[in-house]
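Biologist: Please take one charged side chain in this model and look closely at its surroundings. I am new to the structure, so spell out the terms as you go.

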Amino acid sequence: MAVAADIERATDSTTDWVAEHVRQYVASGGTEGHDWRGVPTLVLATTGARTGEPRRTGLIYGTSGDDLVVVASVGGAPEDPQWYRNLLAEPQAGVLVGTRKLTVRARTAGPEERGPLWEQMARIFPKYEDYARRTDREIPVVLLTPEA
């Protein structure tokens, strides 16, 4: 199960620009990379559903109370991103948000909470609306709750 300590040792995204951003973010201890092109980002470390090894990626985020909110859009692709599938298999994960490392538990937003959270995230990153138009799937909104 991925935890906060796995941020440093996790395997990077296979998308080059995401991996580069995440490496800079992690190497700086979160002092660089939190603000990416005008939006807040975090580093998420999940447990690979098939490998059991920690995997990391960078994601735009918002907040809802103490929870962090991320969107499993993958640019409006027809399938959910691998990091989301990893969280479905093992919801415990590690997060680097700014300079804070947290262990979190993920859950997909339910129908009543998804609408307001989607609107909030689309205000942070308006391209989410374009991504939603590109796919037939409902793009999951995920809450990451810090563990005590």
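Which side chain of opposite charge is nearest to the buried Asp67, and how far away is it?

Modeller: This is a predicted model, in which local features need pLDDT of at least 70 and side-chain atom pairs count only at pLDDT 80 or more, while totals for chains, interfaces and linings use all residues. Residues are numbered from 1 along each chain as its sequence is written, and side-chain values use heavy atoms, with hydrogens and water left out.

The nearest side chain of opposite charge is Arg107, 4.7 Å from Asp67. Lys and Arg are taken as positive and Asp and Glu as negative, with His and the chain ends not counted. Asp67 has no salt bridge, although it is buried. A salt bridge needs a side-chain nitrogen of Lys or Arg within 4 Å of a carboxyl oxygen of Asp or Glu. Buried stands for under 20% relative accessible area, exposed for over 50%, and partly exposed for what lies in between (1.4 Å probe, protein chains only).

Asp67 belongs to strand β5, which covers residues 67–71. Strands here are DSSP runs of E with at least two residues, helices are runs of H or I with at least four, and both are numbered from the N terminus. The side chain of Asp67 does have a polar contact, at 2.9 Å, with the side chain of Thr145. Such a contact is a pair of N or O atoms within 3.5 Å, one able to donate a hydrogen and the other to accept it.

Arg107, the side chain nearest to Asp67 among those of opposite charge, has a salt bridge with Glu113 instead. The closest N and O atoms of Arg107 and Glu113 are 2.6 Å apart. Arg107 counts as partly exposed, because its relative accessibility is 37%. Glu113 is also partly exposed, at 27%.

Elsewhere, Asp12, Glu20, Arg23 and Arg56 are joined into one network by salt bridges that share partners. One of the pairs is Asp12 with Arg56, whose closest N and O atoms are 2.4 Å apart. Asp12 sits in the segment before α1 and Arg56 in strand β3, so this pair ties together parts 44 residues apart in sequence. Asp12 is buried, with a relative accessible area of 19%. Arg56 is buried too, at 8%. Asp67 is thus a buried residue without a salt bridge, while the buried Asp12 has one with Arg56.

The model's salt bridges come to 10 by the rule given above. Another of them links Glu8 and Lys101, with 2.3 Å between the closest N and O atoms. Glu8 is in the segment before α1 and Lys101 in strand β7, residues 100–108, so the pair connects parts that are 93 residues apart in sequence. Both ends are partly exposed: Glu8 has a relative accessibility of 44%, and Lys101 has 41%.

To return to the question, Asp67 has Arg107 at 4.7 Å without a salt bridge, and a polar contact with Thr145. The salt bridge of Arg107 described here is with Glu113.
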